[in-house]
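Let us walk through this structure step by step. Keep the sequence and the 3D view side by side as you read.

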Amino acid sequence: MRAASAGFAVCCLLAVATVNVTTSAQAAANIPETGNAQQAELPLLPYHPLPASPPGDAGYVLPDGTIRIVGFDDMEGMISRLNALFTQTHPGTKFTYVKSNSYGALYSLMWDSTAFAPMAIDYQSNLIYSDIVHGPSFSIRVAHASLNAGAKLSPIAVVVNKSNPIETLSIAQLTSIFTEPLRRRVYSHWGQLGVQGEFAPEAIHPCGLPWSDHFPSQDPTFGEYLFSRKLGGGQPVVNYAMFPTYAAVLRNVASDPLAVGLAAANEVTPDVKVVRLTGIDLSGPSTPNAADIRSARYPLDRYLYLYGRVVSGKPFDPFVKEYMRMVLSKEGQQIVAGDSHGYIPLNAVEAADDLATLR
């Protein structure tokens with residue numbers, strides 16, 4: 001649903017800037033900056049408000065006229081400041097925010113008890129969603145994940161033991177290391193990745209959080225994001241070691257010279273080494289730092305989203321559409337940039353792409 005509009009193609013020629021993001025000292029010390037963090041201000045479009053009100057039968061409007069939003073708890077402060085901007089440009093609008101997790105926000109959206117769903121997962125509608133909503137899932141991106149310590153959504157870093165000489169991996173190699181083969185080569189030993197010396201004949205020990213939300217985990221969305229979205233949908237290899245927390249993954253990698261792990265970038269410590277990644281584009285290796293994330297070069301970045309309720313055969317909710325327009329504007333992204341959790345604003349191309357889906 002995020003196909004780019006030709007009218008915004010000119011944005012591709014514009015320079016992309018990075019935002020001043022406060023990262024944890026540990027993560028910053030171990031994740032090198034490979035991009036230019038001092039580029040020009042982003043040419044985001046200014047917000048020009050249009051009149052918009054919820055439909056008369058909207059289930060998310062409370063009896064006193066207050067608009068209810070059920071959303072990811074880490075987004076409460078950001079949405080509250082966006083609400084204030086909307087109220088400033090649309091006097092009389094009242095909001096209340098109900099903190100939940102991403103799945104609670106999604107279920108509330110399905111039953112029309114939230115205006116939109118602020119979420120930290122890339123959700124694709126299934127039969128249950130379609131049967132209830134009678135339409136496909138639809139979202140815009142709000143921000144990139146955060147590098148701040150304590151933020152609940154961070155890019156995923158690939159880490160190895162500090163004694164391991166490997167420096168760069170591709171997403172294709174990562175897929176073969178972590179998932180069962182689907183007509184492709186299997187990478188089970190370090191020598192297959194070009195590592196020489198004593199590491200070459202040794203087996204790779206992959207590890208990370210549980211690949212399914214059936215297991216208890218610090219981040220229940222990890223498996224859906226990594227194994228379903230990024231690594232081709234295959235199940236993990238038989239020697240994949242699961243740990244309930246990112247800290248446990250990092251401790252395992254720090255103690256095992258043969259391990260390679262998947263962990264939140266904002267929890268990475270100097271006890272492990274971050275591996276550079278190459279994706280499907282031609283931009284070269286990147287790391288989970290602010291510059292590469294803001295420019296959308298890092299392939300294991302994640303996003304915050306606003307999901308709207310699209311019902312087949314009906315016009316899109318004009319209030320939700322207007323709110324999303326505001327979020328993607330210069331003023332909206334300035335609010336994102338000031339969030340205390342350090343979520344990184346969209347670049348101009350991303351904002352234009354998502355704005356085009358609202359036309």
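**A walk through the sheets and helices**

Strands β4 and β12 (residues 303-309) pair in the antiparallel sense, over seven bridges. One matched pair is easy to find: A143 stands opposite L304 in β12. The model is a predicted one, and the whole tour below rests on it.

Now widen the view to the sheet that holds this pair. Four strands make up an open sheet, in the order β3-β12-β4-β13, and the pairing is antiparallel. Which strands form the edges? They are β3 (117-119) and β13 (343-345), and each of them pairs on one side only. From one strand to the next, the twist averages 35°.

Helices pack on this sheet. Helix α3 (residues 102-110) touches β3 and β12. The direction of α3 makes about 160° with that of β3. Helix α9 lies across β4 and β12. It runs at about 160° to β12.

Stay with β4 for a moment. The strand covers residues 137-146, and S137 has its place there. Is S137 buried or exposed? Its relative accessibility is 11%, so S137 counts as buried; the cut-off for buried is under 20%. The side chain of S137 also has a polar partner to look for. One of its polar atoms lies 3.5 Å from the backbone oxygen of Y123.

Next, follow α9 away from the sheet to another helix. Helix α2 (residues 76-89) packs with α9 (residues 318-327) at an angle of about 110°. Their axes are 11 Å apart. That angle makes α2 roughly perpendicular to α9, because angles of 65 to 115 degrees count as roughly perpendicular. Which residues meet here? From α2 come I79, L82, N83, L85 and F86. From α9 come F319, E322, Y323, M326 and V327. Sorted by character, the residues of this contact are eight nonpolar, one polar and one charged.

There is another sheet to visit. Five strands form an open sheet in the order β8-β7-β9-β5-β10. Here the pairing is mixed. The edge strands are β8 (241-242) and β10 (272-274), each pairing on one side only.

Take β5 as the guide to this sheet. Strand β5 spans residues 156-161, and it pairs with β10 in the antiparallel sense over three bridges. Two matched positions show how these strands line up. V160 stands opposite K273 in β10. N161 stands opposite V272 in β10. Strand β5 also pairs with β9, again in the antiparallel sense, over five bridges. There, I156 stands opposite A264 in β9. A rule of thumb helps when reading such strands. In a regular strand, side chains alternate between the two faces of the sheet.

How many residues of β5 are buried? Six of the six are, so β5 is largely enclosed by the rest of the structure.

Look next at the helices around β5, starting from its pairing with β10 over three bridges. Helix α5 (residues 171-178) packs on the sheet and touches β5, β7 (205-208) and β9 (259-264). The direction of α5 makes about 110° with that of β9. Helix α7 (residues 246-255) packs on the sheet too, touching β5, β7, β9 and β10. The direction of α7 makes about 155° with that of β9.

Two single residues round off the tour. The first stop is S286. It sits in the loop between β11 (276-278) and α8 (290-294). At 0% relative accessibility, S286 counts as buried. What does its side chain reach? It reaches the backbone oxygen of R297, at 3.3 Å. Leaving out residues up to four places away in sequence, S286 touches R276, L277, D292, R297, Y298 and P299.

The other stop is D131, found in helix α4 (residues 127-133). Is D131 buried or exposed? Its relative accessibility is 54%, so D131 counts as exposed. Exposed here means over 50%. Finally, look from D131 to M110. The two are 21 residues apart along the chain, and their C-alpha atoms are separated by 9.6 Å.

Definitions and conventions
Residues are numbered from 1 along each chain as its sequence is written. This is a predicted model: local features need pLDDT of at least 70, side-chain atom pairs count only at pLDDT 80 or more; totals for chains, interfaces and linings use all residues. Side-chain values use heavy atoms; hydrogens and water are left out. Axes are lines fitted to C-alpha atoms, for helices over the stretch in contact, and angles run from 0 to 180 degrees between N-to-C directions. Angles under 35 degrees count as roughly parallel, over 145 as roughly antiparallel, 65 to 115 as roughly perpendicular and the rest as oblique. Contact means heavy atoms within 4.5 Å. Ala, Val, Leu, Ile, Met, Phe, Trp, Tyr, Cys and Pro count as nonpolar, Asp, Glu, Lys and Arg as charged, and the others, Gly among them, as polar. Two strands pair if DSSP finds at least two bridges between them. Buried means under 20% relative accessible area, exposed over 50%, partly exposed in between (1.4 Å probe, protein chains only). A polar contact is a pair of N or O atoms within 3.5 Å; within protein, one must be able to donate a hydrogen and the other to accept it, and residues adjacent in sequence count only if both atoms are side-chain atoms.
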